[in-house]
Amino acid sequence: MTLSDEDAVRAALAEARVAGEHGEVPIGAVVLDRSRRVIASAANERELAGDPTAHAEVLALRRAGVALGSWRLDGCTLAVTLEPCTMCAGALVLARVARLVFGAWDPKAGAVGSLWDVVRDGRLNHRPEVVAGVREDECSELLASWFAVKRPR
């Protein structure tokens, strides 16, 4: 099944909800191949794995590489519920992801325009197309409601 950007973020939201139910920060990601079919998906697993790099984006990129048999994800789209951090933005650039689609902005750690703009840095040899704010309200609400319960002020 080929997915639109809206559908891809909807699929990432489904991953995020499962993560939230298991005590992880609810962030989900999916990777679409050139034909816009899901080839990999993931949610945050930092708590589960005890791994600070187990962000949804990194895990989805790793799984996509396995699915394609290559670290080069040329033509692929990464859809994620939250603006990637510096680590994840760097990983998607290095993986040669063609497009990044994300939901909510992350003013505290975002590296696709909020705090930094890693993916558009002209000094790098690859710059993916970026589509921001897809299903933004839904992505933001999921995170806000999770943090309200897990980390009340």
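In the predicted model, buried residues account for 46% of the 153 residues of the protein. The accessible surface amounts to about 7600 Å², of which 53% is supplied by carbon and sulfur atoms. Charged side chains number 19 positive and 21 negative, and the centres of these two sets are separated by 4 Å.

The overall dimensions were examined next. The C-alpha trace extends over about 40 × 30 × 30 Å along its principal axes. The radius of gyration of the protein is 14 Å, which agrees with the value near 15 Å for a compact globule, because the chain has 153 residues. Among contacts with a separation of 6 or more, 56% join residues 24 or more positions apart.

The secondary structure consists of 5 helices and 5 strands. Read from the N terminus, these elements follow the order α-β-β-α-α-β-α-β-β-α.

Helix α3 was considered in detail. This helix comprises the 13 residues 56-68, so at 1.5 Å a residue a span of 18 Å is expected; the end C-alpha atoms lie 18 Å apart, in agreement with that value. Buried positions in α3 form a run from Ala 56 through Glu 57, Val 58, Leu 59 and Ala 60 to Leu 61, together with Ala 64 and Gly 65. The cover over these buried residues includes strands β1 (28-32), β2 (38-43) and β3 (77-82), as well as helix α4 (86-94). Immediately after α3, Gly 69 adopts a positive phi of about 70°.

How values were computed. Residues numbered from 1 in each chain as written. Predicted model: local features only at pLDDT ≥ 70, side-chain atom pairs only at ≥ 80, totals over all residues. Heavy atoms only, no water. Helix = DSSP H or I, 4+ residues; strand = E, 2+ residues; numbered from the N terminus. Rg over C-alpha atoms; globule rule 2.2 N^0.38 Å. Buried < 20%, exposed > 50% of the residue type's maximum accessible area, 1.4 Å probe, protein only. Contact = heavy atoms within 4.5 Å. Areas by Shrake-Rupley, 256 points an atom, 1.4 Å probe, with all protein chains shown as cover. Lys, Arg positive; Asp, Glu negative; His and termini not counted. Charge placed at Lys NZ, Arg CZ, Asp CG, Glu CD. Expected span 1.5 Å × (residues − 1).
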